[in-house]
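Visitor: Before we start, please show me the sequence and the model, and then let us talk through the ligand and its surroundings.

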Amino acid sequence: MLNIAVFVSGNGSNLENILAANIANCQIKLVVSSNKKAYALVRAANHGIDTMILDNEFDESSLLKDLAARKITLIVLAGFMKILNSSFIENFNGQIINIHPSLLPAYGGQGMYGLKVHEAVLKAGDKYSGATVHQVTSIVDGGEIIEQIKVPVFPADTPQSLQRRIQEDGEKILLPAVIKKMCERSLSK
Ligand code: GRF
């Protein structure tokens with residue numbers, strides 16, 4: 001059984017996608033938000049999932065204690081806008097993953113988030129973009145790539161339409177699929 005904490009800051013469509021996938025042997029135990037107004041918190045409450053809000057100067061060691069108390073074994077960053085520091089990341093030993101809305105290593109790194117990613121893809125005239133799930137390390141968007149999904153870019157795309165397509169045709173499939181595999185693997189250990 002994987003006990004998951006999903007870290008969010010905004011809408012929470014990825015959180016909803018994981019829940020909708022009804023993955024066996026995986027349970028979302030906690031939703032942690034860096035933004036008290038995140039719609040993801042409403043989604044969590046609708047599903048009866050415990051939530052926690054991080055303030056700007058959150059205490060890393062007390063967060064680690066909370067996660068340990070809930071026996072969290074996987075952290076999923078899904079639109080989480082804070083950068084975790086390296087000691088926190090080391091504590092989870094490769095068990096933190098992130099979803100990024102491009103085909104990394106392209107269009108990643110600090111400052112590449114939200115519509116900025118899609119604006120850059122359109123500016124470059126790329127025919128494909130997509131989404132990536134990767135391990136989280138202290139290099140922003142630089143951890144080992146776990147899996148990617150390609151999504152076409154169309155000539156009439158705006159950053160918004162491309163973002164929507166990547167979320168609907170990319171992220172919605174990719175993140176639950178990766179988590180499902182991790183859950184299956186955790187059973188065979
Ligand atoms: C997604 O596009 C994800 O790839 C990126 O931030 C967005 C979060 O969306 N890291 P949501 O909050 O899950 O709807």
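Visitor: Where does the ligand sit?

Guide: This is a predicted model, in which local features need pLDDT of at least 70, side-chain atom pairs count only at pLDDT 80 or more, and totals for chains, interfaces and linings use all residues. Residues are numbered from 1 along each chain as its sequence is written, and side-chain values use heavy atoms, with hydrogens and water left out. A pocket is, on a 1 Å grid over the protein atoms alone, an open set of points where a 1.4 Å probe fits, with protein on both sides within 12 Å along at least five of seven lines, and a molecule sits in one if more than half of its atoms lie within 2 Å of its grid points. By that test, the ligand sits in the largest pocket.

Visitor: What volume does the largest pocket have?

Guide: The volume is the space filled by probe spheres set on the grid points, which are joined across faces, edges and corners. For the largest pocket that gives about 830 Å³.

Visitor: Which backbone atom is 2.9 Å from a nitrogen atom of the ligand?

Guide: Polar contacts here are pairs of N or O atoms within 3.5 Å. An oxygen atom of the ligand is 2.5 Å from an N or O atom in the side chain of S13, and an oxygen atom of the ligand is 2.9 Å from a polar backbone atom of N14. For a nitrogen atom of the ligand, the partner at 2.9 Å is a polar backbone atom of I99.

Visitor: How much of the ligand does the protein bury?

Guide: Accessible areas come from the Shrake-Rupley method with a 1.4 Å probe. Taken alone, the ligand exposes 370 Å², and of that area the protein buries 84%.

Visitor: Which two residues does the cis peptide bond join?

Guide: Most peptide bonds are trans. Here, in the loop between strand 5 and helix 5 (115–124), where P105 lies, with helices (H or I, at least four residues) and strands (E, at least two) taken as DSSP runs numbered from the N terminus, omega is about 10 degrees for the bond between L104 and P105.

Visitor: What phi does N22 have?

Guide: N22 is placed in the loop between helix 1 and strand 2 (26–33). Although N22 is not a glycine, its phi is positive, at about 45 degrees.

How values were computed. Polar contact = N/O pair within 3.5 Å; in protein donor to acceptor, adjacent residues only side chain to side chain. 1 Å grid on protein atoms, 1.4 Å probe; cavity = no way out; pocket = protein on both sides within 12 Å on 5 of 7 lines; lining within 4 Å.
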